[in-house]
Amino acid sequence: MINTPNRIILASGSTIRRKLLQDAGVAVDIEVARIDEEMIKDALVAEGAYPRDIADALAEGKARKVSLKHPDAMVIGCDQVLSFKGRLISKCATAEEARALLGEMQGERHRLLSAAVIYEGGEPKWRHIGEVRMMMRPLSDVYLDDYIQRNWDRVRDAVGCYKLEEEGVRLFSSIEGEYFNVLGLPLLAVLSYLVDRKMVAS
């Protein structure tokens, strides 16, 4: 017999992930998982891990930590990484660093990988990695300077220094893949699992 968890916890402080789930009619509690993401990421990069495996490991680390404290709950851990020309891109620390990154990525293609791992009772039950291919249009130095000046406070926590739901959409000429993956959550896949487990109605 499979026990049904009594609630769903999102192990993330991301307001957009919470909003995506709540707008889809999924009631979630929030508990931010405190893990050393940079240490995990650096160790995996040193081992030559693929970007998709790094995203998966970070999502799992968050889900596992919260699940061990709440074995009665279904815990969703998420993470997103950006892969550009074979290297992992992290969040930029300064506006100058963000401007340099966008200058390098303009006119080029990169990949966003959004991982979700679901834990129950301290054990992994499901995982999924969504991939989106993003083609950034050629952009002038003047526009990039103005873009960073206008948007830095809003995109400083966004990998790639853009938010597709805001002015960041103007940076791109094409996007291949599910929109929700760009926002950091493979929402359709997560919802399918929740329906299968009867955590949400269908």
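The largest pocket has a lining of 34 residues, with Ser-14, Arg-17, Lys-91, Asp-157 and Ala-158 lying nearest its centre. Keep in mind that this is a predicted model. The pocket holds about 890 Å³ of space. Besides the pocket, here's a quick tour of a helix pair, a buried leucine and two lysines with a positive phi.

**The largest pocket**
- Four elements each put at least two residues into the lining: helix 1 (15-23), helix 2 (37-46), strand 3 (74-84) and helix 5 (141-155).
- By class, the lining splits into 14 charged, 13 nonpolar and seven polar residues.

**Helix 2 against helix 3**
- Helix 2, which also feeds the pocket lining, pairs up with helix 3 (residues 51-69): their axes come within 10 Å and cross at roughly 145°.
- The crossing is right-handed.
- On the helix 2 side you'll find Glu-37, Ile-40, Lys-41, Leu-44 and Val-45, and they meet Ile-54, Ala-57, Leu-58 and Lys-62 of helix 3.
- Sorted by class, that contact has six nonpolar and three charged residues, and no polar ones.

**Leu-112, a buried spot in strand 5**
- Leu-112 sits in strand 5 (residues 109-120).
- Is Leu-112 buried or exposed? With a relative accessible area of just 1%, Leu-112 counts as buried, because the cut-off for that is under 20%.
- Leaving aside residues up to four places away in sequence, Leu-112 touches Gln-80, Val-81 and Leu-82, along with Gly-130, Glu-131, Val-132 and Met-134, and also Val-159, Tyr-162 and Val-182.
- Gln-80, Val-81 and Leu-82, among the residues that Leu-112 touches, fall within strand 3 (74-84), one of the elements that help line the pocket.
- Between Leu-112 and Leu-171 there are 15 Å in space, C-alpha to C-alpha, and the two are 59 residues apart in sequence.

**Two lysines with a positive phi**
- Lys-85 isn't a glycine, yet its phi is positive, at about 55°.
- Where is Lys-85 found? Look in the loop between strand 3 and strand 4 (87-89).
- Lys-85 has 57% relative accessibility, so it counts as exposed.
- Lys-198 is also not a glycine, and it has a positive phi of about 65°.
- You'll find Lys-198 in the segment after helix 7 (187-196).
- Lys-198 counts as exposed too, because its relative accessibility is 71% and the cut-off is over 50%.

Methods. Residues are numbered from 1 along each chain as its sequence is written. This is a predicted model: local features need pLDDT of at least 70, side-chain atom pairs count only at pLDDT 80 or more; totals for chains, interfaces and linings use all residues. Side-chain values use heavy atoms; hydrogens and water are left out. On a 1 Å grid over the protein atoms alone, a cavity is a set of points where a 1.4 Å probe fits but cannot get out, and a pocket is an open set with protein on both sides within 12 Å along at least five of seven lines; lining residues have an atom within 4 Å of a point. Grid points are joined across faces, edges and corners, and a volume is the space filled by probe spheres set on the points. Ala, Val, Leu, Ile, Met, Phe, Trp, Tyr, Cys and Pro count as nonpolar, Asp, Glu, Lys and Arg as charged, and the others, Gly among them, as polar. Buried means under 20% relative accessible area, exposed over 50%, partly exposed in between (1.4 Å probe, protein chains only). Axes are lines fitted to C-alpha atoms, for helices over the stretch in contact, and angles run from 0 to 180 degrees between N-to-C directions. A crossing is left-handed if the near helix is turned anticlockwise from the far one by less than a right angle, and right-handed if clockwise. Contact means heavy atoms within 4.5 Å.
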